[in-house]
Amino acid sequence: MLLEDEKIEELGIEGLKLIQSDKLFKYGTDAVLLSKFAKVKKGGEVLDFCTGSGIIPLLMYSQNKECSFDALEITEKASDMARRTMELNGLSDKIKVTKGDVKCAREIYKGRQFDLITCNPPYMDAGGGLVNPDTDKACARHEIFCTLEDVIREASHLVRPGGFFSMVHRPRRLTDIMSLMREYKLEPKRLTFVADSPGKEPDMILIEGQRCGGKFLKTDILYLK
């Protein structure tokens with residue numbers, strides 16, 4: 001079940017476990033916050049882009065057991081690890097992991113539509129910050145395999161009318177995010193700024209858009225301390 005560089009982490013939620021690797025980018029607070037922020041109706045179908053270790057669908061499953069989950073990941077190592085995580089938890093029939101490119105999501109899931117699509121994408125655009133020489137780690141932080149527009153465009157084609165797209169990102173990209181969401185008919189509906197504590201600048205945002213939704217945006221702020 002485990003490769004040499006891997007270990008099993010107990011999530012402390014209903015006995016769920018996660019396989020993690022020292023050679024891959026490990027999940028953080030952003031993934032946990034997104035899993036709590038994203039909302040789906042009972043029995044809904046959910047797709048997670050850029051799933052990495054599969055942490056977001058795994059955490060969301062613990063809150064939405066009636067739902068079915070798909071997870072898309074481009075790298076062989078991370079997608080294989082996520083598949084084995086679902087096997088370890090006996091959830092292969094509830095959370096299906098597919099190796100594939102977000103840019104081709106429409107073809108991969110052709111003929112399907114989802115009630116919710118989630119994504120914790122790479123935050124850094126071209127030229128932003130130092131790039132890790134290890135591609136498997138670099139692609140989790142930098143837009144190497146997909147751009148912000150790729151994620152939003154493909155989500156817009158796979159979310160059913162009235163369905164939702166939820167994403168975590170950085171405040172500095174907010175103008176781009178909202179512009180692209182509206183361009184692709186994912187009308188922004190909820191926006192949460194995340195700050196470490198009162199008086200600190202927000203360093204994360206959680207945003208939800210509705211496919212063909214009306215023009216109304218609700219905003220709030222979440223303090224971690």
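Met1, Leu2 and Ile8 together make a nonpolar surface patch of about 260 Å² in this predicted model. Of these, Leu2 sits in the segment before β1 (6-10). With a relative accessibility of 39%, Leu2 counts as partly exposed.

Turning inward, the largest nonpolar core has 30 residues, and the ones with the most contacts inside it are Leu11, Ile55, Leu58, Met60, Phe69, Ile95 and Leu206. At least two residues of this core come from each of α1 (29-37), α2 (55-63), β4 (68-73), α3 (76-88), β5 (95-99) and β9 (204-211). It's α2 that gives the largest share, six residues. As for Phe69, if residues up to four places away in sequence are not counted, its partners are Val46, Pro57, Met60, Tyr61, Asn64, Lys94, Ile95 and Lys96. There's also a second, separate core of 28 residues, with Val102, Leu148, Met181 and Ile207 among them. That fits a general trend: nonpolar side chains in soluble globular proteins tend to be buried together.

Then there's Ser21, a residue of strand β2 (residues 17-21). Ser21 has a relative accessible area of just 2%, and since buried means under 20%, Ser21 is buried. Setting aside neighbours within four places in sequence, Ser21 is in contact with Asp5, Glu6, Lys26, Lys77 and Met81. A polar atom of the Ser21 side chain also lies 3.0 Å from the backbone nitrogen of Lys23. Phe165 is another matter: it is 144 residues from Ser21 along the chain, and the C-alpha atoms of the two are separated by 28 Å.

Notes
Residues are numbered from 1 along each chain as its sequence is written. This is a predicted model: local features need pLDDT of at least 70, side-chain atom pairs count only at pLDDT 80 or more; totals for chains, interfaces and linings use all residues. Side-chain values use heavy atoms; hydrogens and water are left out. Helices (H or I, at least four residues) and strands (E, at least two) are DSSP runs, numbered from the N terminus. Buried means under 20% relative accessible area, exposed over 50%, partly exposed in between (1.4 Å probe, protein chains only). Contact means heavy atoms within 4.5 Å. A polar contact is a pair of N or O atoms within 3.5 Å; within protein, one must be able to donate a hydrogen and the other to accept it, and residues adjacent in sequence count only if both atoms are side-chain atoms. Patches are made of residues with over 30% relative accessible area and no salt bridge: like charges are joined within 9 Å, nonpolar side chains (Val, Leu, Ile, Met, Phe, Trp, Tyr) within 5 Å. Accessible areas come from the Shrake-Rupley method with a 1.4 Å probe; for residues, only the protein chains shown count as cover. A salt bridge is a side-chain nitrogen of Lys or Arg within 4 Å of a carboxyl oxygen of Asp or Glu. A nonpolar core is a set of buried Ala, Val, Leu, Ile, Met, Phe, Trp, Tyr and Cys residues joined through side-chain atoms within 4.5 Å.
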